2 protein chains.
Amino acid sequence: MTARTARRQRRQNKTAGALTQSRWEQITYRRQPVEILSADEIEAIHRTGLKILRDVGISVLCPAARKAYAGAGFETAAGAERVRFDADGLTTLLSSIPERFTLEARNPAKSLIVGGDKGLFSSVGGPVYCMDIEKGRWRGSHAEMRDFLKLVQSLNILHQEGGGGFEALDLPAETRHLDLFYAQATLLDKNWQPWNIGRRQTLDALNMAARMLSTDLDGLKSRTVFTGVINTNSPLQLDIPMAEGLMTLAEYGQAAIITPFTLSGAMSPVTLAGALAQQHAEAMAALALTQIVNPGAPAVYGGFTSNVDMKTGSPAFGTPEYVQAAQVSGQLARRLGIPFRSSNVTAANTTDAQSSYESMMALWGATGGQAHIVMHAAGWLGGGLTASFEKLILDAEILQMTAAYQQPLPVTEETLALDAIREVGPAGHFFGTDHTLARYRDAFYTPLVSNWDNYDAWREKGGKTAEQRANEVWKQLLADYEQPAMDPAVDEALRDYRDRMKRAR
Amino acid sequence: MTARTARRQRRQNKTAGALTQSRWEQITYRRQPVEILSADEIEAIHRTGLKILRDVGISVLCPAARKAYAGAGFETAAGAERVRFDADGLTTLLSSIPERFTLEARNPAKSLIVGGDKGLFSSVGGPVYCMDIEKGRWRGSHAEMRDFLKLVQSLNILHQEGGGGFEALDLPAETRHLDLFYAQATLLDKNWQPWNIGRRQTLDALNMAARMLSTDLDGLKSRTVFTGVINTNSPLQLDIPMAEGLMTLAEYGQAAIITPFTLSGAMSPVTLAGALAQQHAEAMAALALTQIVNPGAPAVYGGFTSNVDMKTGSPAFGTPEYVQAAQVSGQLARRLGIPFRSSNVTAANTTDAQSSYESMMALWGATGGQAHIVMHAAGWLGGGLTASFEKLILDAEILQMTAAYQQPLPVTEETLALDAIREVGPAGHFFGTDHTLARYRDAFYTPLVSNWDNYDAWREKGGKTAEQRANEVWKQLLADYEQPAMDPAVDEALRDYRDRMKRAR
């Protein structure tokens, strides 16, 4: 391999088809995060969060969780759900959460760092529906969900799969998660997020992850393979399925991403500072529970504060308030020394200009705030109810661009190019110079779906919108997809667990 | 007016129709600019710029400009076009450019600050074609150009009109600018940019601006009413029309925006640091000429560095390189203490997702770099060859969002809302609290074109894309447009000048 070829491969690689995409690499944040509040203002939010937990507390619906809190010395009352927190006890517990941890993938080359100066992009998880530009929105099947996973596997810029894209509504609700976990374990060799609602579902995920890594549940305890989302029921409540999921993840050394659902004006105050104080309180209370269950277990601070439209009650996403909240959430997570999760979200119902500018705003918040995990980074549409095949591709483009922006801009004698400028002189051209010829192949970002043709050339190629080109890209990627190899014994163990559990329910 | 009404009016106002838009207000940059290079790296680019001007110099095609440079002590040779610059002489000249200045509008309430912590958004100028989603791209008429100006006048977020939107191709090329200036002076009461190619056209603009302000050419010398774009012919050349435009603007105390057209890989080195060093050199040389002509005249540092696609030669806009270049350009302008101009640009040929995400990237560069003037901030499409009616509206939305993001996030006892959180408690709701009721009306950003409905409500309203809604918005704004009043004598003076000059050519 020549130096030139090596350099090219460092920057991008080609898929089997004609598509060019960025190479596999986590984001590295090399610059200062955007900090829109002063240290004093962050301290004021933090102190308000502590006061909320002391004066109001959290309603904890799960008896086992209440018992855990009581065991750690927090104030509970017999027969009441409320748990109140003293600042010292809470602060001590939170200090044992690691600032960074390794998240294992089936393919060790795709294991991830969560925390520090590293960021990762995770695909959309949670939507009920799926969508493409040909059929509109529909109730997706298991086969279609598998296609979505194949695309997530194919896109290098997606460092983690985020929970199945959309639900396989042709499968029984009770055991749907088992088919999902099997698909994730086998179609992907990158890290994936489980569903973790309640203890049984979370244990199913852990059992299948253990088989995927040829270990057992005890073996998992020292190997973090999961980040799992835990939402508090804002305001100030932790329900049973979420508490169980949290405690089960923590018990086995897995990372709960604690994400309060603090929509300003509805589930939290109409003022952003108040919504963030409440988010901070809820996050601290639930984060503390991970450490009561398993001191030193990894956990992640999730910021999801946005607002509702006060006229209609609709949630707004990717708005100016969302960007500010995301960046302040990054400051609050850094105040605690805990890895930070944000998201790429939009309220748009179709892949139009709005879906792009709201997503760009959200990403500006997430990466400006230096989120360690950007969830729903690709494919989210319609306030999170829909996963879109074209949005997955369009988002992959903006993620690639965002990642490329984070790359260094080298300033050296060679890059300052004084000799080339002397050589070309006034009114000359740089195309043919040695300086250009030695560097042009990987000098600039290469797009996945953007078209830079002039108008006439663009018309000659059919005058396609980015959405139409994204449709072609995902079909090409799907055609090119190759399933990562798996030891047949591991596959057999996974199938066996899935099928046994299905029969048992 | 109650306090509540006053507060609402501070944040937004309604047009005659059902549209809500942000109120008239310049951007205030309250936070640190994004600085991706160290002070040492900026110094290395600055020093390289000085070396380029010392060793290579600039080819100056205009004899009067060469004579001016020679008179200021810079090295010229009889019969040769090249001018070379010593660092000390150049630095002294640049130091007389003001860090900020006032830019007058016909309506004094719409006069602008250029520099300091203020930013302004200017509409697209320069395109040949116009476009809407119904007719596609076409050669626009004077009447259609006037419609475009009316929309620019109507949108509060556009602080300046940027040069006519698109050319009126039904008018004779020789006198088209006179009809443009008359339209700008009469249809708008906000500041507008002239065309300033060559001395005669620039003098026409100055003469009409003087009449608009009921003064004369001498009276203009102490009142800056114009920012006019001056492009160098990269690499390292200043042509006759541009030099004449620059000198005429400076002579009359008007601000030249010096904007090198340094596309990396074609007209400048393939390495971004080299392209920026060359941009810096060209900008400094032309900025110096403004001060030779008129010491203390306002001038602006324009950053437009992007790159070409090395496979096709097409210029790329709104790419990761563009964002980095814009932010570094801001650092270089601040190094010189000169106001900074950037742009909102995209290569997309239609108002699709690409046009939005490239525009958002470009704005990230421009406002992260704290540009004092963001040109082409609304309406630009297809690499600047086309002005789009829908893009104008879609961009107005993202500009409003960007401006709202720059607003403070107040952290006070009142906004931290501890009492409201205590009152609502776990599992409650904030809709009905006094804290919410006192603030909900202007608590959050109100969109111009974004739709936040859920999927079913959105479908019931026709399932329109943002582009379709933007089409409705501009038609509504056009129907609501009211021409700002003008003294009939001023109008007559403008018509008289326009018609006399037309007859004379």
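A polar contact is a pair of N or O atoms within 3.5 Å; within protein, one atom must be able to donate a hydrogen and the other to accept it, and residues adjacent in sequence count only if both atoms are side-chain atoms. Keep that in mind as we walk through this predicted model, where local features need pLDDT of at least 70, side-chain atom pairs count only at pLDDT 80 or more, and totals for chains, interfaces and linings use all residues. Residues are numbered from 1 along each chain as its sequence is written, chains are lettered from A and ligands numbered from 1 in the order in which they are written, and side-chain values use heavy atoms, with hydrogens and water left out.

Let's start where the two chains meet. Chain B and chain A each bring 114 residues to the contact (contact means heavy atoms within 4.5 Å). Together they bury about 9400 Å², 71% of it on carbon and sulfur atoms; buried area here is the accessible area (1.4 Å probe) that two parts lose on being put together, summed over both. On the chain B side, Trp364(B), Phe444(B) and Trp452(B) lose the most area to chain A, together 9% of what that side buries.

What about charges and polar atoms? Two salt bridges link the chains, a salt bridge being a side-chain nitrogen of Lys or Arg within 4 Å of a carboxyl oxygen of Asp or Glu. Asp55(B) pairs up this way with Arg422(A), their closest N and O atoms being 2.5 Å apart. There are also 37 residue pairs in polar contact between chain B and chain A, both residues at pLDDT 80 or more. Helix H12 of chain B (residues 353–368) gives the largest share of the side that touches chain A, ten residues.

So take a look at H12(B) itself; helices (H or I, at least four residues) are DSSP runs, numbered from the N terminus. Of its 16 residues, 16 are buried, where buried means under 20% relative accessible area (1.4 Å probe, protein chains only). At its N-terminal end sits a cap: a side-chain oxygen of Asp352(B) lies 3.2 Å from the backbone nitrogen of Gln354(B). Just after the helix, Gln370(B) takes a positive phi of about 55°.

Now hop over to Gln324(B), in helix H11 (residues 320–336) of chain B. Gln324(B) counts as buried because its relative accessibility is 5%. Leaving out residues up to four places away in sequence, Gln324(B) touches residues of chain A, including Arg31(A) and Tyr405(A), and also Ile36(B) and Leu272(B).

Key
Helices (H or I, at least four residues) and strands (E, at least two) are DSSP runs, numbered from the N terminus. Buried means under 20% relative accessible area, exposed over 50%, partly exposed in between (1.4 Å probe, protein chains only).
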